[in-house]
2 protein chains.
Amino acid sequence: MALEPQTQNTPTHMRRRLVLSAGDDISRCLLCDIREHSVCNAINDKELAILAHASKSLSLPPGTTLVEEGSPATAFFNVTAGTVKLFKSLPDGRRQITGFADVGHFLGLTNSSTYSFGAETVDTVRVCRFSRAELENLLTDYPLFERRLLAEVTDELAQAQEQMLLLGRKTARERVASFLLARMVVHSTPEQGEEAIVSLPMTRVDIADYLGLTIETVSRTISALRREGLIAGTDHHGIRILALQKLQALTSGQEYS
Amino acid sequence: MALEPQTQNTPTHMRRRLVLSAGDDISRCLLCDIREHSVCNAINDKELAILAHASKSLSLPPGTTLVEEGSPATAFFNVTAGTVKLFKSLPDGRRQITGFADVGHFLGLTNSSTYSFGAETVDTVRVCRFSRAELENLLTDYPLFERRLLAEVTDELAQAQEQMLLLGRKTARERVASFLLARMVVHSTPEQGEEAIVSLPMTRVDIADYLGLTIETVSRTISALRREGLIAGTDHHGIRILALQKLQALTSGQEYS
DNA sequence: CTGTGGGCTTGATTTAGATCAAGGTGCAGT
DNA sequence: ACTGCACCTTGATCTAAATCAAGCCCACAG
C-alpha cells in the first residue's frame, strides 16, 4: 500500500543537511514560477497557502545527499531549480544512475518504509520538501494532486522502460546519441535562429553511470561524434547539436551511410 | 496528464484477438480468488458488482498480443492467471523485455494516447479488461482504487530501477542469479519440507531479452550454475534452488571462494 | 605565479559476452 | 512411430567495450 502513515521522526543526519532558506512565507507557492511544470499545479490558487505551509523550500550546494539508499523514507521533494541524480549501488561500489530529476520533478515516492534508491544534487539545487504526513494529507485532500502524481509516476515508469531498452540493447554510440537527444532543448535566439543545445551539468562519471558505460567510452564516443561533425562543444558543460536528423537515426541504430 | 478521456473505438485488430469467456456475471469479482492480490481489492464487497460490470474477463492462448507498441491506448488489463511479458523494440528487431506481469498485476497505464510498449502472453493467460472510460470512472469514484494503483505503479518503478542496475552494471552471472531469485517461490511440501522453486514459463529468448544477454549466454550460465550445484532442473520449465545463500551472494557480486 | 587535484581525453591491451556454427531434445501433427 | 520444427545446449572464434596507462586542461590555494 502506498504511503501509509508511519513514524514521523526525521533522523538527525538528514536535518543537519537541509538548510532552510529565506522567504518561506505564505505566498511562496503562489509566486513560484515553475508551479505549472509540477504536481503543485494540481492545487488551485486559493489553496496554495496550504501547500506553502505543507512544504519547506531549501537551497542545496552541489553534491548534497537528499536521500540515502536504505534510510527511512520520511521526506519527499519537488525540484524547483537545478538537477538531482537518482541512483542505486552494489556493495562493491558499482553504481547505476536511474535518472536525473530536473526542474518540476517530484522524487522520493516509495511503498516501503525505506528508500530503495539514493538521491544527490548535481549542481546547486532548490527543492520543496514535504514530510510523509504532509504528503499523505495532500493526497487525500486533493484528488487532482493525487491524479497528477499518478501521471508523473506513470511517465517516470515509461522513461525507465526506455532506459532499460537503452541499457539492455543499445551500443555505446546509440546510448550517447539517445542521451544527448533526450536532454536537448531548442533555444531560440534572435541572432542565431534555432539552436539545439544540450546542457550537461553532470560529470562524465555521472553520464557513464547513467548509460551503463565507462567514462573512457563516453569520452571517446563524444569525441567521435564531434570529429564527425554531428555535435560541437559550447563553452563549459554544453554541447550544440549540428546534425539532428543523423543523431536521431543513430539512437536506434539506423546508421547513416 | 494521466488518463484523460479520449476516443473509445476499439481497433478491429484488437477485437479479433480477444475472446470473451463464459461466466461473466455480476458476482465474478466477488468470487475472484486473486482479488486480494490486485488493485480490485481497493473496492469493497458491496460494490464489486460495479467492478464486474466495468470489466470483461478473457482467456488468451500463449503468444497473444495484448498491447501493440505504438497503437492507441484504449484498454487496460488486470492479470488473473498466467504471465504476460512487456517489452520495447528497436526498428531492427532488437527487443528489451521490461518486465513480466504475473497474477495480480495491472498493465496498460500510460499518459500518452498510444502505448509506448508492447505486451504479449507467455502462457495461457486470464485477464480482466477495462476500457479507458471505465478505468477513468473507477479512478474518480473510488479514491482507494486510485491510491492502490499509485502504489502499484510506484512499486513497478522501484522494480524498473532495480532492473536498470542489473542491465547497466551486473555481469551475466549476477543477472541470471538475480533473475532466478526474483522469480523464486518457496513451496512447502509435507514430504520434501521447504523447497525453493523457480517457475520459468518463458523461453530462453525471453529470458535473454529480459536480462540484456543472448540466449547462448543465458544457457551457458544456467548450465554453469547447475554444474556447480547451486541449482537443479525440475521436470519441464522449472528450476530448484539448492544453495540459496550462495546464489544471493552472487546477485551482487560477492562471489563465494 | 606555481603546485595540486579533479575532471577529461587519448592510446594500448585485455576480456566478457556476442556471434557463428553444429548438434541434441522433445513434442505436435500426420 | 516418424518427422519436422521450435527450443535448447555446447564449442570455437570474434569484437565492442572494459581495463590499464599516460598525459592534458584548468580552477583554485598557497
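Me: How do you know that the side chain of Arg220(B) makes a polar contact with a base nitrogen of DNA strand D?

Reply: An N or O atom in the side chain of Arg220(B) is 2.7 Å from a base nitrogen of DNA strand D. A polar contact is a pair of N or O atoms within 3.5 Å (within protein, one must be able to donate a hydrogen and the other to accept it, and residues adjacent in sequence count only if both atoms are side-chain atoms), so the pair qualifies. The model is predicted: local features need pLDDT of at least 70 and side-chain atom pairs count only at pLDDT 80 or more, whereas totals for chains, interfaces and linings use all residues. Residues are numbered from 1 along each chain as its sequence is written, chains are lettered from A and ligands numbered from 1 in the order in which they are written, and side-chain values use heavy atoms, with hydrogens and water left out.

Me: Which DNA atoms do Thr217(A) and Glu216(A) meet on DNA strand D?

Reply: The side chain of Thr217(A) has an N or O atom 2.4 Å from a phosphate oxygen, and a polar side-chain atom of Glu216(A) lies 3.1 Å from a base nitrogen. Sugar or phosphate accounts for 63% of the strand D atoms within 4 Å of the protein, and bases for the rest.

Me: What makes a residue count as near DNA strand C, and how many do?

Reply: One of its heavy atoms must lie within 4 Å of the strand. By this rule 16 residues surround DNA strand C, the closest being Arg204(A), Ser219(A), Arg220(A), Ser223(A) and Thr217(B). Of the strand's atoms that come within 4 Å of the protein, 62% are sugar and phosphate. Ser219(A) places a polar side-chain atom 2.8 Å from a phosphate oxygen, while base nitrogens lie 2.7 Å from an N or O atom in the side chain of Arg220(A) and 3.0 Å from one in that of Glu216(B).

Me: Which element gives the most to the surface near DNA strand C, and which to that near DNA strand D?

Reply: Near strand C, α8(A) gives the most, with five residues; near strand D, the largest share, five residues, comes from α8(B). Such elements are DSSP runs numbered from the N terminus (helices H or I, at least four residues; strands E, at least two).

Me: Why is the enclosed space called a cavity?

Reply: On a 1 Å grid over the protein atoms alone, a cavity is a set of points where a 1.4 Å probe fits but cannot get out, and its lining residues have an atom within 4 Å of a point. The structure holds one cavity of 30 Å³ or more, and the largest has a volume of about 160 Å³. Its lining has 13 residues, with Leu157(A), Gln161(A), Leu109(B), Phe117(B) and Glu156(B) nearest the centre. The largest share, four residues, comes from α5(A).

Me: How many disulfides are there, and where does Cys128(A) stand?

Reply: A disulfide requires two cysteine sulfur atoms within 2.5 Å, and the count is zero over all chains. The nearest cysteine sulfur to that of Cys128(A) belongs to Cys29(A), 5.9 Å away, so Cys128(A) is in no disulfide.

Me: Is Cys128(A) called buried or exposed?

Reply: Buried means under 20% relative accessible area, exposed over 50%, and partly exposed in between (1.4 Å probe, protein chains only). Cys128(A), at 10%, is therefore buried.

Key. 1 Å grid on protein atoms, 1.4 Å probe; cavity = no way out; pocket = protein on both sides within 12 Å on 5 of 7 lines; lining within 4 Å. Points joined across faces, edges and corners; volume = space filled by probe spheres on them.
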